Each structure stands twice: as structure tokens, then as C-alpha cells.
Amino acid sequence: MINNIIIYTIPFLFVLTTVVFFHELGHFLVARINKVDVESFSVGFGKELIGFFDKKGTRWKFCWIPLGGYVKFIDDADSTSKERVANGSANGFHAKSLFAKSLIVSAGPIANFVLAIFIFSGLYTLDGKTYVLPVVEAVEQNSPAMEAGMLINDRITEIDGEQITSFSDISDVLQLKKMEAINFVIEREGALITLEIRPDLKYISSDNLGEAMYYIGISSGASIENVKKEKLPIHSSMLEGVNDTYKIISLSLTYIGKMFIGKESSENLGGPIRIAQISGEIAQNGILPLLHLTALLSVSIGLINLFPIPMLDGGHAAFYLFEMITRIKPSRIIQEYAFRTGFIFVMLLM
């Protein structure tokens, strides 16, 4: 029992604390740049566990409930920054321009994206990026690839003039070309040959109504000799980190959109308990997979916080944008009900 608690709790705290700390650090640094005095910087909620004051009087602290965090400005009535204290300071958050406040609330999610990029980049530089070589290991019966004459052990080097270095590149090209006739350059027994293949449309659901993808009927990645890991130079790893972060954001938005229209299940969503389970399982494989999970979670938390939901950073930014455009500040009652609604939505999401 105690071993299970250690296995799951320590990795969970490492992942969540890292992500929350950098999120709040983004708010903090941009607030300082805009000359906002910060009263406290907290990782976690509830009673303070340990803390200290910095030279500018900010209380840095870790609290007992490690499920979030906050930066409290000198003129905040509470830690949500939605209400100011009476006679607030000129160096307070609420005294700043709408543009400055928008930058400050957006800085947390952006910091999460930056953290993910640096983690991915570090992993690719120090440990290497794993990819599957574009070698055909299986050809589906009666598929476009079989009809065109593609064989097992063929290596795809080029598709319509685009160089192919990994198996995932093939799918990217297919979804772009759709059902056009495509020229595949194949390396077979030391010789290069060209095959013309027209992809088919394959439905993921059995009723031919759901999501569809373009495919030619080949697979790879089962043989260890076709799975490679390559250490990348810093500039390449940074580009890969940016690209991976973008892909996670894109896939997440696509998934959430399909979930709301009923094309995806919400079963894959998870809150703190699910994060703890995954963290514990992954930590058993070492620190590098745990760092990869930290990057994934950092992107997810950054993205969710950008949603225009009251209570989240994106909700604050939406209010400021509305005020900048209309020159009308939402009343306290409207904001209060909006924040309550946002709180309920976030709890349901968790």
C-alpha cells in the first residue's frame, strides 16, 4: 500500500508541480515587466507548507494541496484577480492598461508551451528522437498499394517530389493529396522504381459516416531494425519541439471539437487521479518518459487555460478584449455569474 502511494504520488507531484510552477512563473515575470507588485507566488492551495520572501517582498510558497497554484497581485482581493481591493496601489494589476492585463493573464499558458518546447528539444538533443523508417513491413490484401505492386521490405524514399524520412511522413502526404494519383519512388534491392498509387478513402467507423482518412494499405514499425533513434543538433531539436507542440495543440482541439459534436468519446479525458495513475506507470520506465509526459501535460494545461472560459486565463483575456472593443466593462454581477459558470465547467472537465 505504502509502495503504491510512493510510486504514484511522487511522479504525480513532480509532473504537476513543474507544470504549475512554470505556468505561474509566466504570469509573474510578465507582471514584473509591467511593474506590477506581486504579493505572493503559490504552488498549491490551502495552508502554507514552506515559503520565503524575495527582495521585492513577494512571498514564494508551497501549500498543502498541490492541485494548481496562483500569483496574487498587491491589489487582488483574492487569488483569482477578478476583484480588486479598495484604494488599490498604482503598481497593482488592476491599475494597468487592458493590454498589459491581457499580456499578464496570457503569459501563463504561453509559458507552458515554452516549457514543452524546451523539454522536447532537450530530449531530442540529449537522448534522441525516435522515428519509424519508411520501410513497408505489411501490405493489406486488395489495397491500393498491393494493386500497384508494392512489396514487403520496399523503402519509400519520395512521394511526388517530397523526400520521405519517416513512416509518419507518408500519412501526412496522403491526407494532403487525398485521392489523387501519386508517384511513389521505392528503393527495392538497391534499385529505384516508381509506382503510381491512388489512395482510397477509409472510414474509421463501420457505418461509413464517421471520420475518414486516405490510405494505401501499408504498415511498419513492428520490426526493431526499422525503428531508429537519432540525436539532433540544437537548432533541429528546437524546430522539432515547436512542431510537436503545434501537433499536440492541433490534435487536442480536433479531439475536443469532435467530442462536443458526438464523434469522439469523453472517456479519454482525465483529471488529477488519471494524471497520477499515468505518471506512476510512466515513471517506472525512467525519468525521460516522465519528462515527455510533463511536456505533454504542459501543452494541455496551457491550451485549456487559453479557452475563453470565465475563471481560466482565457476567460479573463476575453473580458479584457470585450472591454477594449466595446469600451464597456462587464458589471460585477455578470462577472460573478460568469465565474461561477466557469468554475462548474472546469469541475466537470476535471
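**Exercise 1. Find which helix has the lowest and which the highest mean pLDDT, then say how far to trust the model.**

Step 1: among the elements of the protein chain, helix α6 (residues 272–283) has the lowest mean pLDDT, 67, while helix α2 (residues 98–126) has the highest, 96. Here pLDDT is the predictor's confidence in each residue, from 0 to 100. Helices (H or I, at least four residues) and strands (E, at least two) are DSSP runs, numbered from the N terminus.

Step 2: zoom out. The mean pLDDT of the protein chain is 85, and 87% of its residues reach 70 or more.

Step 3: a word of caution. Where pLDDT is low, the predicted coordinates should not be read in detail.

Ground rules for what follows: this is a predicted model, so local features need pLDDT of at least 70 and side-chain atom pairs count only at pLDDT 80 or more, while totals for chains, interfaces and linings use all residues. Residues are numbered from 1 along each chain as its sequence is written, and side-chain values use heavy atoms, with hydrogens and water left out.

**Exercise 2. Describe the overall make-up of the protein chain: how many helices and strands does it have?**

Step 1: count the elements. You get nine helices and 12 strands.

Step 2: check burial. Of the 350 residues in the protein chain, 40% are buried. Buried means under 20% relative accessible area, exposed over 50%, and partly exposed in between (1.4 Å probe, protein chains only).

Step 3: look at contact range. Taking contacts (heavy atoms within 4.5 Å) between residues at least 6 apart in sequence, 59% join residues at least 24 apart.

**Exercise 3. Work out which element gives the most residues to the largest nonpolar core.**

Step 1: fix the term. A nonpolar core is a set of buried Ala, Val, Leu, Ile, Met, Phe, Trp, Tyr and Cys residues joined through side-chain atoms within 4.5 Å.

Step 2: the largest one has 27 residues, and Phe28, Phe41, Phe73, Phe93 and Ile104 have the most contacts inside it. Two or more residues come from each of α1 (2–33), β1 (38–53), β2 (59–73), α2, α7 (287–306) and α8 (313–326). The winner is α1, with nine residues.

Step 3: zoom in on Phe41. Leaving aside neighbours within four places in sequence, Phe41 has contacts that include Phe21, Leu25, Phe28, Trp60, Tyr70 and Val71.

Step 4: don't miss the other core, which lies apart from this one and has 18 residues, among them Val136, Ile159, Ile164 and Ile170.

**Exercise 4. Take three residues of the loop between α1 and β1, Asn34, Lys35 and Asp37, and say what stands out about each.**

Step 1: Asn34 touches Lys96, Ala100 and Ile104, not counting residues up to four places away in sequence. Its C-alpha is 8.9 Å from that of Asn91, although the two are 57 residues apart along the chain.

Step 2: Lys35 has a positive phi of about 60° although it is not a glycine. It counts as exposed because its relative accessibility is 59%.

Step 3: Asp37 is partly exposed, as its relative accessible area is 35%. Beyond its neighbours within four places in sequence, Asp37 is in contact with Phe73, Ile74 and Asn91. The C-alpha atoms of Asp37 and Ile74 are 5.6 Å apart, with their positions 37 residues apart in sequence.

Step 4: for another positive phi, go to Asn142, in the loop between β4 (138–139) and α3 (144–148). Phi is near 60° there, in a residue other than glycine, and Asn142 is exposed, with a relative accessible area of 64%.

**Exercise 5. Is Ser298 buried or exposed, and what does it touch?**

Step 1: locate Ser298 in helix α7. At 0% relative accessibility, Ser298 counts as buried.

Step 2: list its partners. Not counting residues up to four places away in sequence, Ser298 touches Val19, Asn112, Leu115 and Ala116.

Step 3: set Ile110, in helix α2, beside it. Ile110 is partly exposed, at 46% relative accessibility. Ile110 and Leu306 are 196 residues apart in sequence, yet 8.9 Å apart in space, C-alpha to C-alpha.
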